[in-house]
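Subject: Structure handover

Hi there,

Here is the structure I promised to send over. Have a look at it first, and then read on for what turned up.

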Amino acid sequence: MALRACLRGKRGLTAVFSQLSSCSHGRVSPVLVAQQRNNSTSQKVQVDFDQSTGVAVLRMQNPPVNSLSLEFLTEICINLEKLEMDKSCRGLIVTSNRPKVFSAGLDIFEMYGKTPERCAEFWKAVQEMWLKLYGSSMATIAAINGSSPAGGCLMCMTCDYRIMADNPRYTIGLNETLLGIVAPFWFKDTMTNTLGHRTTELALQLGSLYSPAEALKIGLVDQVVPEDQVLTTATEAMSKWLAIPDHARQITKSMMRKSTIDRLTANRESDIKNFVGFVTKASVQKSLGMYLEMLKNRKA
Ligand code: CO8
């Protein structure tokens with residue numbers, strides 16, 4: 001079996017080390033290259049896979065603002081799973097098909113007035129999305145063509161590289177405290193891995209939302225480019241990532257991320273329990289209700 005084929009597959013990065021020991025180190029089979037284009041469009045997710053480059057572009061299109069509902073998260077996860085299993089797909093660009101917004105983060109209505117059972121199901125899907133993206137063995141780039149608060153920012157931080165549109169009206173950050181809720185430990189871990197402890201401490205307590213220029217300064221994004229160049233820049237950047245042999249890049253990625261991934265994997269059930277217990281509290285429901293009201297009134 002070709003090394004790349006050994007390293008790829010639906011199990012993602014956590015399997016990289018164990019896979020390596022059972023691989024024979026042959027050349028990549030030409031059979032892999034003969035597969036057809038694998039484009040798919042579900043209602044809320046559009047995937048365009050270019051067989052010649054090995055790069056897929058996943059576009060989120062859940063109107064109005066790509067908020068991450070249970071249904072949307074499920075579609076995203078199904079598409080990620082398919083790409084992860086496709087041995088010829090080496091790189092993934094995540095972007096938005098909605099104007100002005102990459103993703104508004106978690107759908108607040110999934111946390112407001114819902115039964116504990118529904119909240120638990122929703123939170124499991126949020127965990128699943130993070131595990132799939134943060135643990136992906138593909139090279140991943142976020143092409144951030146709009147605002148990306150909270151869960152949207154989390155999605156961006158799961159990627160290996162982030163490129164944001166140079167528009168001062170767009171913001172990015174983990175603003176959970178502004179809603180009266182608390183970013184869970186693995187949101188915090190992901191940000192700490194990205195920004196370091198002190199900057200994360202400030203960002204999380206204050207619920208800071210950063211402009212593209214500010215985000216670049218603290219390292220929350222890696223590049224800021226004119227709005228109409230976000231995707232082309234992401235495509236160019238991807239060729240640099242794919243010039244690195246997959247196995248070396250994947251093992252390095254796993255070394256950097258495995259302990260963070262293992263921490264959630266080992267604590268999924270208690271994390272769900274914590275989330276449900278917290279989010280169904282009367283005081284938290286009140287805060288979420290007020291925040292939703294504020295969003296509505298902002299328009300008027
Ligand atoms: N969920 C549900 N609906 C939303 C959300 C959301 N996250 N964001 C916006 N909407 C709704 C608005 O209420 C509005 O609805 P309507 O048209 O019915 O009034 C519609 O989407 C359009 O919104 P805007 O008019 O505000 O659109 P703009 O293009 O002007 O602005 C923004 C887009 C910048 C994304 C803006 O909508 C915004 O700031 N949204 C709020 C984003 C936010 O704060 N998200 C936090 C979600 S919480 C999260 O992701 C992590 C939670 C971790 C849980 C931990 C608990 C223990």
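**Pockets, helix packing and two backbone details**

The second largest pocket holds about 320 Å³ of space. Please keep in mind as you read that this is a predicted model.

I'll stay with that pocket for a moment. The second largest pocket has a lining of 13 residues, and those nearest its centre are Tyr134, Cys159, Asp160, Met256 and Arg257. Sorted by class, the lining of the second largest pocket comprises five nonpolar, two polar and six charged residues. Helix 7 and helix 11 (246-266) each contribute at least two residues to this lining. Of the helices, helix 11 gives the most, with four residues.

Now for the largest pocket, whose volume is about 1,600 Å³. Its lining takes in 50 residues, and Ala104, Ile108, Pro149, Tyr291 and Leu295 are the ones that lie nearest the centre. The classes here are 30 nonpolar, 10 polar and 10 charged residues. Which helices each supply at least two residues of the lining of the largest pocket? They are helix 7 (185-195), helix 12 (268-279) and helix 13 (282-299). The most comes from helix 13, with nine residues. Helix 7 is worth a bookmark when you open the model, since it supplies at least two residues to the lining of the largest pocket and at least two to that of the second largest pocket.

On to how the helices pack. How are helix 7 and helix 11 oriented to each other? The angle between them is about 180°, and their axes lie 10 Å apart. Angles over 145 degrees count as roughly antiparallel, so helix 7 and helix 11 are roughly antiparallel to each other. On the helix 7 side, the contact involves Phe185, Trp186, Lys188, Asp189 and Asn193, which meet Thr260, Arg263 and Leu264 of helix 11. The residues of this contact of helix 7 with helix 11 are three nonpolar, two polar and three charged.

Helix 7 also packs with helix 6 (residues 151-158), at an angle of about 50° and with the axes 10 Å apart. That angle makes helix 6 oblique to helix 7. The crossing of helix 6 and helix 7 is left-handed. From helix 6 the contact uses Cys153, Leu154 and Met157, and from helix 7 it uses Trp186, Phe187, Thr190, Met191 and Thr194. By class, the contact of helix 6 with helix 7 has six nonpolar and two polar residues, with no charged ones. If you want one side chain to follow through both contacts, try Trp186, which is among the helix 7 residues that meet helix 11 and among those in the contact with helix 6.

Helix 11 has a contact with helix 5 (116-134) as well. Helix 5 and helix 11 pack at about 165°, with their axes 10 Å apart, and they are therefore roughly antiparallel to each other. The crossing of helix 5 and helix 11 is left-handed. In helix 5, Gln127, Trp130, Leu131, Leu133 and Tyr134 meet Lys253, Arg257, Thr260, Ile261, Leu264 and Thr265 of helix 11. This contact of helix 5 with helix 11 has six nonpolar, three polar and two charged residues. Tyr134 and Arg257 take part in that contact, and both are listed among the residues nearest the centre of the second largest pocket.

Finally, the backbone. Most residues other than glycine have a negative phi, and most peptide bonds are trans. Pro63 and Pro64 are joined by a cis peptide bond, with omega about 0°. Pro64 sits in the loop between strand 3 (55-60) and helix 4 (70-85). Lys100 has a positive phi, near 70°, in a residue other than glycine. You will find Lys100 in the loop between strand 4 (91-96) and helix 5.

Happy browsing, and all the best!

Conventions: Residues numbered from 1 in each chain as written. Predicted model: local features only at pLDDT ≥ 70, side-chain atom pairs only at ≥ 80, totals over all residues. Heavy atoms only, no water. 1 Å grid on protein atoms, 1.4 Å probe; cavity = no way out; pocket = protein on both sides within 12 Å on 5 of 7 lines; lining within 4 Å. Points joined across faces, edges and corners; volume = space filled by probe spheres on them. Nonpolar A, V, L, I, M, F, W, Y, C, P; charged D, E, K, R; others polar. Axes fitted to C-alpha atoms, helices over the stretch in contact; angles between N-to-C directions. Parallel < 35°, antiparallel > 145°, perpendicular 65-115°, else oblique. Contact = heavy atoms within 4.5 Å. Left-handed = near helix turned anticlockwise from the far one by under 90°.
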